[in-house]
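Subject: Structure for your review

Dear colleague,

I am passing on the structure we spoke about, and below it you will find an account of what turned up when I went through it. Please read the account with the structure open beside you.

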Amino acid sequence: MKSYSEHCLHTGPLIRKEEVYELMTIDERKSILNCFMNFASKVEFKYITFVVEKREDFNQLNKGINSNHLRSN
């Protein structure tokens, strides 16, 4: 299998055979997805989710996200 150093995995394009995955066979794409699922099952992920209202000022929102991120670390 081809190596993808410095590559972010986006499962949507992988599943739909888009972008960098368009020349791969189904077996190659399944292998990448299986490797990712194996990795994900062994790693503790931390994430945050937020909702953005279109009418909010982006700069104010960005300031709030950065300050909240610094406090949680």
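**What was found**

Starting at the N terminus, the elements of the protein chain follow the order α-α-α, and the chain has three helices and zero strands, where helices (H or I, at least four residues) and strands (E, at least two) are DSSP runs numbered from the N terminus. Please bear in mind that this is a predicted model, in which local features need pLDDT of at least 70 and side-chain atom pairs count only at pLDDT 80 or more, while totals for chains, interfaces and linings use all residues. Residues are numbered from 1 along each chain as its sequence is written, and side-chain values use heavy atoms, with hydrogens and water left out.

As to confidence, the protein chain has an average pLDDT (the predictor's confidence in each residue, from 0 to 100) of 78, and 64% of the residues score at least 70. Among the elements, helix α2 (residues 26–42) has the highest mean pLDDT, at 92, and helix α3 (residues 58–72) the lowest, at 58.

The accessible surface of the protein chain, computed by the Shrake-Rupley method with a 1.4 Å probe, counting only the protein chains shown as cover for residues, comes to about 6,900 Å², and 54% of it belongs to carbon and sulfur atoms. Of the 73 residues, 10% count as buried, where buried means under 20% relative accessible area, exposed over 50%, and partly exposed in between (1.4 Å probe, protein chains only). Leu14, in helix α1 (residues 11–16), counts as buried at 1% relative accessibility, and its C-alpha lies 8.5 Å from that of Ile32, although the two are 18 residues apart in sequence.

On the surface, Leu9, Phe36, Met37, Phe39, Val43, Phe45 and Tyr47 form a nonpolar patch with about 710 Å² of accessible area together; patches are made of residues with over 30% relative accessible area and no salt bridge, like charges being joined within 9 Å and nonpolar side chains (Val, Leu, Ile, Met, Phe, Trp, Tyr) within 5 Å. Met37 of this patch lies in helix α2.

The whole structure holds one aromatic pair. Phe39 and Phe45 form this pair, which is edge-to-face, with 6.5 Å centre to centre and 85° between the planes; rings of Phe, Tyr and Trp (its six-membered ring) pair if their centres lie within 6.5 Å, and planes under 30 degrees apart count as stacked, over 60 as edge-to-face and the rest as tilted. Phe39 is partly exposed at 46%, and Phe45 is partly exposed at 48%.

A search also finds one salt bridge, that is, a side-chain nitrogen of Lys or Arg within 4 Å of a carboxyl oxygen of Asp or Glu. In it, the side chains of Arg16 and Glu18 meet at 2.9 Å, N to O; Arg16 is exposed at 52%, whereas Glu18 is partly exposed at 30%.

In the loop between α1 and α2, Lys17 and Glu19 deserve a look. Most residues other than glycine have a negative phi, yet Lys17 has a positive phi of about 60° and Glu19 one of about 50°.

Finally, there are zero disulfides in the whole structure, a disulfide being a pair of cysteine sulfur atoms within 2.5 Å. Cys8 is exposed at 57%, and Cys35 is partly exposed at 44%.

With best wishes
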